[in-house]
Amino acid sequence: MAIGKTAIEAVGVTKIFQSSGQDSLKALDNVSVTIGENEFFTLLGPSGCGKTTLLRLIAGFDFPTDGQILLHGKDIAPLPPFQRPVNTVFQNYALFPHMTVGQNIGFGLEMQGKPKAQVEARVAEMLRLVQMEELKNRRTSQISGGQQQRVALARALAPEPKVLLLDEPLSALDYKLRKEMQIELKRLQNETGITFIFVTHDQEEALTMSDRIAVMSKGQILQVGSPRDIYDRPAVRFVANFIGETNFLEGKVVSTAKGQAKIALDAGTTITASLGDGAKPSGKVTVVVRPEHASLVAASGKATLSGKLENIVYFGTDTHYHVKLHGGSEFTVRHQNVHAGALAFEKGDKVGVLFGADAARVLRD
Amino acid sequence: MATPREIAVAAERQDIRNRWLLSSPALVIIALAAIGPLFVMLLYSFMLKGDYGDVKAWQFSSDGWFGVFLQRDIFDDTLTLADAHVTIFWRSVKLSLMTTVVTLFLGFPTAYFIATRPAKQRDIWLFLVTIPFWTNILIRTFAMQEVIRNEGIVNSAMIWIGIIDAPIQIMYTDWAILFGMAYVYLPLMVLPLYASMEKIDFRLVEAGYDLYATRLQVLRRIIIPLVKPGIIAGSILVFIPSLGAYVTPRVLGGGKNMMLGNLIELQFGQGRNWPLGAALSITLMIIVTLALLVYVKNASKSGGGHG
């Protein structure tokens with residue numbers, strides 16, 4: 001997606017948590033990122049990578065040690081949360097237990113001092129949007145987890161924030177409900193036109209919902225791009241490893257030309273792999289190949305690599321073939337199952353692995 | 001032949017009989033320790049007072065109950081309102097309410113402070129709050145006297161700073177009793193408040209800030225409603241013993257600023273009027289019960305409690 005006007009911009013944001021006496025923890029290390037208006041932007045990473053910290057800085061629950069957070073070009077970092085046109089959907093929903101569903105949704109508007117009639121109208125509108133009109137007067141303890149999730153969304157959307165922050169909002173739901181809510185969230189984002197910043201550690205969730213993803217690790221953003229970019233063209237080893245399954249091949253650069261490089265693998269073979277924009281690697285590198293981008297062929301001179309078929313694992317929609325390459329490393333090939341039947345290979349066969357230069361990618365380490 | 005229905009009814013009857021049998025030890029203890037003494041007290045309040053204390057057994061009279069609010073003139077036997085007793089009742093209720101309010105205002109921030117500390121530190125703060133509790137109440141009250149008497153810490157400090165020229169008389173006033181009781185009963189307010197606050201999910205507070213509520217609005221709309229069970233429990237725990245307080249008004253209030261506890265003690269001691277003492281005790285109990293009923297009714301009406 002093309003980035004239109006900028007909604008949120010983080011400039012050189014660093015956050016250090018001082019723990020008494022011991023080492024201080026650097027949760028964010030000089031992070032800069034630009035998030036466009038009406039964008040579904042996902043912060044993806046393992047726990048402790050700093051994604052929630054970044055979200056809390058944008059919400060105003062914590063303040064950055066260094067750097068700026070701009071909302072439409074204005075620095076909001078020093079403002080308390082109740083002065084920011086930004087709302088949050090919390091991981092555990094944080095619904096007020098002493099209020100009804102309707103009172104929860106109207107709370108933000110009421111605090112903004114909106115007239116009662118306007119609050120009522122907006123609450124009714126939000127209940128319609130999340131399809132919960134008949135539950136308005138229920139207590140929040142009397143509704144299911146999925147319904148609580150919808151109330152949390154409606155409550156955060158009711159004051160029409162410029163940016164909606166979502167902190168792993170689907171993690172407490174079961175698989176089926178999570179799938180439904182993913183679609184629901186996408187629909188709400190389209191209908192409201194609000195910028196969504198979504199925090200998750202679930203790569204599948206990130207890939208299916210986001211316009212763009214920022215992959216984070218150890219307080220830094222490693223790569224920002226569309227789901228396809230991130231999956232097909234990972235820039236660093238961490239990204240390739242964290243998202244989807246990947247084969248890693250170690251080798252040395254022999255020569256580079258026109259965005260491609262010849263790599264002499266440690267096992268002896270030389271392969272051609274594509275390079276990231278403007279990358280000029282040399283010396284030892286890692287090459288990644290997605291299991292579904294390679295195919296299994298009979299052992300012959302045509303094959304890119306060769307080895308012995310160690311194991312066949314059937315997954316329903318596809319089958320994984322585990323190959324032990326000459327030189328000792330493992331390589332997985334994923335093959336889509338078709339009605340005609342499985343590939344004619346058996347455990348122990350000598351096989352070849354075939355992939356093109358565009359399927360293999362040289363990583364920045 | 002018994003039908004299944006008859007068998008079921010018989011089984012249920014047997015079950016009920018067994019339950020009564022099994023709970024009989026508890027029932028005996030309740031009867032002996034709680035209901036029995038109360039009954040004795042009620043009986044004593046309706047008997048003639050003895051000449052040297054005690055009562056004249058089985059000689060019934062309503063003099064004790066008359067004496068609660070009325071007095072008989074020594075010379076012409078006319079009945080008038082016992083001003084002294086009314087004053088003492090009013091002082092007791094007033095000072096107990098004030099003590100409850102003062103401890104609530106002091107205890108709320110204290111409990112909030114403790115509840116927002118890291119989990120490990122909380123136990124230390126709670127420990128500090130409860131320490132005075134283990135000290136004899138008489139000693140605590142004398143400590144308060146040391147603070148507020150004319151040559152005490154407060155007066156000396158204010159004279160030294162130059163706010164006042166001569167010491168302010170605090171001892172032997174209602175204020176002295178109020179300070180004393182607030183100090184003595186503060187832990188009873190802090191502990192239930194803390195117990196309620198500790199259960200609060202502080203993400204709710206963040207959610208409040210996130211939804212444009214200022215600090216004051218978060219306190220009023222989120223924290224106080226969630227802590228309400230603690231406020232009610234703390235208020236009951238402070239109000240009831242304040243109403244019957246004996247040591248604090250005796251030491252800090254002197255002889256003339258009596259409270260109900262002192263009045264009752266007087267009847268059983270120097271007054272040698274046990275029936276009046278018993279009637280006063282029961283009156284105190286009725287006031288406490290009424291106060292509790294009002295609280296419980298309010299609490300259940302507003303739903304109080306979490307979720």
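Aromatic contacts, backbone outliers and a nonpolar surface patch

In chain A, the charged end of A:Arg155 is placed over the ring of A:Phe96, at 4.7 Å from the ring centre. The model in which this arrangement is found is a predicted one. A second arginine, A:Arg290, lies over the face of A:Tyr231, where the distance to the ring centre is 4.0 Å.

Contacts between aromatic rings were also examined, and a search of the whole structure gives 15 aromatic pairs over all chains. In chain B, the ring centres of B:Phe113 and B:Trp125 are 5.0 Å apart and the ring planes stand at 85 degrees, an angle over the 60 degrees required, so this pair is classed as edge-to-face. The two partners are 12 residues apart and link distant parts of the chain, B:Phe113 belonging to helix H4 (residues 83–115) of chain B and B:Trp125 to helix H5 (residues 119–130) of chain B. B:Phe113 has a relative accessibility of 34% and therefore counts as partly exposed, and B:Trp125, with a value of 33%, likewise counts as partly exposed. In chain A, ring pairs join A:Phe40, A:Phe196 and A:Phe198 into a cluster.

B:Phe113 and B:Trp125 also take part in a nonpolar patch on the surface, together with B:Ile124, B:Phe127, B:Leu128, B:Ile131, B:Phe133 and B:Trp134. The accessible area of these residues together amounts to about 790 Å². Helix H5 of chain B supplies the largest share of the nonpolar patch, with 4 residues, and B:Ile124 is located in this helix.

Turning to the backbone of chain A, positive phi values were found for two asparagines, A:Asn30 and A:Asn38. For A:Asn30, phi is about 50 degrees, although the residue is not a glycine. A:Asn30 is situated in strand S2 (residues 25–36) of chain A, and its relative accessible area of 52% exceeds the 50% cut-off, so that A:Asn30 is classed as exposed. For A:Asn38, phi is near 60 degrees, again a positive value in a residue other than glycine. A:Asn38 is placed in the loop between S2 and strand S3 (40–44) of chain A, and with a relative accessible area of 39% this residue is partly exposed.

Terms used: Residues numbered from 1 in each chain as written. Chains lettered and ligands numbered in written order. Predicted model: local features only at pLDDT ≥ 70, side-chain atom pairs only at ≥ 80, totals over all residues. Heavy atoms only, no water. Phe/Tyr/Trp six-rings, centres within 6.5 Å; stacked < 30°, edge-to-face > 60°. Helix = DSSP H or I, 4+ residues; strand = E, 2+ residues; numbered from the N terminus. Buried < 20%, exposed > 50% of the residue type's maximum accessible area, 1.4 Å probe, protein only. Lys NZ or Arg CZ within 6 Å of the ring centre and 35° of its normal. Patch = residues over 30% accessible without salt bridge, like charges linked within 9 Å, V, L, I, M, F, W, Y side chains within 5 Å. Areas by Shrake-Rupley, 256 points an atom, 1.4 Å probe, with all protein chains shown as cover. Salt bridge = Lys/Arg side-chain N within 4 Å of Asp/Glu carboxyl O.
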